[in-house]
Amino acid sequence: MTTRPRASLRRILDDLGSTVLDVAASPGGLDTEVTGVHIYDPLDELMLPSGGILLGVGVEGAEHICDLLEAAKAGSGLVVKQPVAVDERVRAKVLETGVALLGLTRAASWSQVAALLRSLLAEGDLTEAGQSPPDDLFSLANALCALLDAPITIEDRSSRVLAFSGRQDEADPGRIATVLGRQVPESYQRMLDEQGWFRKIYQNPGPVYIPLTESLPRVAIAVRSGDEILGSIWAAVREPLSKQREWALIDAAKIVALHLLRQRVGADTRRRLQADLLSTVLEGGKDAAEAAGRLGVASERLCVLAAQLADDQIDAAQSESSRQRFCDALALHVGAIHPKAAAALVGSVAYAVLPMHASGEEETRAVRVAQSFLSRVGPRHNANIGVGRLAADLGEVARSRADADRSLRVLRSRGVSGQVAGYSDVHFEALLLRLGDLAAAEEQTPTGPYQRLLRYDSEHGTELAATLGAYLDSFGDVNAAAAAVHVHSNTFRYRLRRLTEISGLDLADPEARLAAMLMMRIFGRRH
């Protein structure tokens with residue numbers, strides 16, 4: 001059993017996200033330890049222990065909030081329903097008492113939030129990576145099956161089956177196919193969607209009766225957390241439910257919502273812990289060995305892979321979900337290759353630490369592993385991967401990570417996707433990009449012949465810099481260079497003479513040609 005991370009206010013807010021709770025006013029840091037959850041009752045004397053979170057049921061208005069902050073100054077936070085009345089008095093009282101003021105989404109249930117917060121604070125919920133929270137969804141499905149006298153499935157927003165009850169053989173072939181495949185068949189999903197049943201389920205606060213022509217009727221209810229739809233519960237019935245059974249289904253949906261939120265929090269917590277540990281390993285400092293041990297990764301002969309989706313979506317939540325699915329797939333791929341490999345999402349980049357057998361071609365083998373992964377995920381995840389040089393031990397992992405980042409940046413600068421680059425293969429391009437960063441940081445600008453050429457183009461609307469670039473790219477082959485810029489070779493020769501006259505560039509001098517090429521790579525062909 002590992003030691004549970006300290007339950008701070010910041011950690012709880014990170015776990016829940018802004019869907020449920022948001023910070024209305026903060027005393028500064030949010031690292032205060034949370035010891036318990038307590039509900040405000042105006043008829044009882046308030047005895048809030050140190051570190052407690054107070055749920056201000058029915059509390060509204062700046063004056064009432066200030067009074068409760070004063071009474072709860074031993075606690076870590078006060079939760080009231082949104083919109084929260086925050087004015088100068090409230091902000092001053094928050095700073096004076098050190099109690100954070102939190103806003104609860106208007107549609108959320110106080111009992112749901114209380115249960116969720118208590119589950120976060122319970123021993124064992126904040127566990128190490130690799131451990132799973134207890135899953136009682138199957139027990140809930142079986143209990144609901146007994147209450148409704150109908151086989152049950154609990155599904156997510158994508159109609160994937162999260163749990164199911166017994167007695168599925170009493171239903172129809174469609175339900176059996178759903179349970180066996182753990183996914184509602186596409187034809188059924190399309191039919192339900194075209195007939196508008198999903199919209200009715202998600203808009204209706206109670207159960208929806210769905211008559212079907214070729215299957216048993218269904219009764220479905222959305223599983224909600226506030227305004228967010230988490231999934232749905234489906235019962236295969238022979239007739240509409242009685243009022244008593246409808247209420248049982250409504251109550252069950254609330255309990256399932258708690259379990260789904262708790263599972264999501266647990267998964268997010270494990271992912272965050274894994275990301276924290278892998279970040280520590282990638283930094284290669286004094287804590288890297290301990291983090292590697294907790295993560296279960298190798299400590300010698302490692303290559304770092306840096307993978308990033310090439311096309312982020314406009315919707316931020318959808319982008320984050322895509323990145324996480326991509327990282328999960330990468331973790332599965334490298335884990336199948338070596339049991340002591342690990343992967344985690346750090347920012348927008350999925351990093352993997354891959355142990356390598358001694359062969360002298362470790363980086364090449366790591367590139368092949370990355371190429372194999374991209375070929376497997378195919379068009380579902382349009383991504384690039386940079387591969388760092390071999391790290392002999394944890395002390396060199398930070399260098400391998402920097403290599404992987406720089407390789408990935410080279411691919412981004414090329415504007416490609418679905419590509420893998422080992423650092424050794426893109427070393428010079430990476431150096432040029434870093435040199436460009438240095439020039440930009442020091443506000444450097446082109447000088448000498450190249451600067452005169454750019455200035456002439458700007459003043460006269462010519463393209464002599466492009467002519468020079470085509471000539472250098474073609475190794476001085478005038479015909480090939482002329483074809484590249486779509487002009488006649490004689491026209492190209494004329495432009496070449498003009499640019500040497502204007503810039504003073506001696507194309508016969510290899511040093512001058514190298515300087516011009518580097519200027520073009522660092523500053524670009526238009527400045």
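Where in the chain is confidence lowest, and where is it highest? This is a predicted model, and its pLDDT bottoms out in helix H4 (residues 110–121), at a mean of 70, while strand S8 (residues 208–210) tops the list at 95. Overall, the chain averages 84, with 90% of the residues scoring at least 70.

**Shaky stretches**
- Residues 1–5 have pLDDT below 50, and beyond near neighbours in sequence they make 13 contacts in the model.
- Residues 123–135 also stay under 50, with 31 contacts beyond four places in sequence.
- Where pLDDT is low, don't read the predicted coordinates in detail.

**The sheet**
- Five strands make an open, antiparallel sheet, ordered S7-S6-S10-S9-S8.
- S7 (161–164) and S8 sit at the edges, each pairing on one side only.
- Ignoring direction, neighbouring strands here are turned by 25° against each other on average.
- S6 (residues 152–156) and S10 (residues 228–236) run antiparallel and are joined by five bridges; Ile154 stands opposite Ile233 in S10.

**Aromatic pairs**
- The whole structure holds four aromatic pairs.
- Phe138 and Phe164 meet edge-to-face, 5.3 Å centre to centre with 75° between the planes.
- Phe138 belongs to helix H5 (residues 137–148) and Phe164 to strand S7, so this pair ties together parts 26 residues apart in sequence.
- Phe138 is partly exposed at 30% relative accessibility, and Phe164 is partly exposed at 24%.
- Phe198 and Tyr202 count as stacked because their planes are at 25°, with ring centres 6.3 Å apart; both residues are buried.
- Ring pairs link Phe198, Tyr202 and Trp234 into a cluster.

**Charges over rings**
- Arg157 puts its charged end over the Tyr202 ring, 4.6 Å from the centre.
- Arg401 lies over the face of Tyr351, at 4.5 Å from the ring centre.

Methods: Residues numbered from 1 in each chain as written. Predicted model: local features only at pLDDT ≥ 70, side-chain atom pairs only at ≥ 80, totals over all residues. Heavy atoms only, no water. pLDDT = per-residue confidence, 0-100. Helix = DSSP H or I, 4+ residues; strand = E, 2+ residues; numbered from the N terminus. Contact = heavy atoms within 4.5 Å. Pairing = 2+ DSSP bridges. Axes fitted to C-alpha atoms, helices over the stretch in contact; angles between N-to-C directions. Phe/Tyr/Trp six-rings, centres within 6.5 Å; stacked < 30°, edge-to-face > 60°. Buried < 20%, exposed > 50% of the residue type's maximum accessible area, 1.4 Å probe, protein only. Lys NZ or Arg CZ within 6 Å of the ring centre and 35° of its normal.
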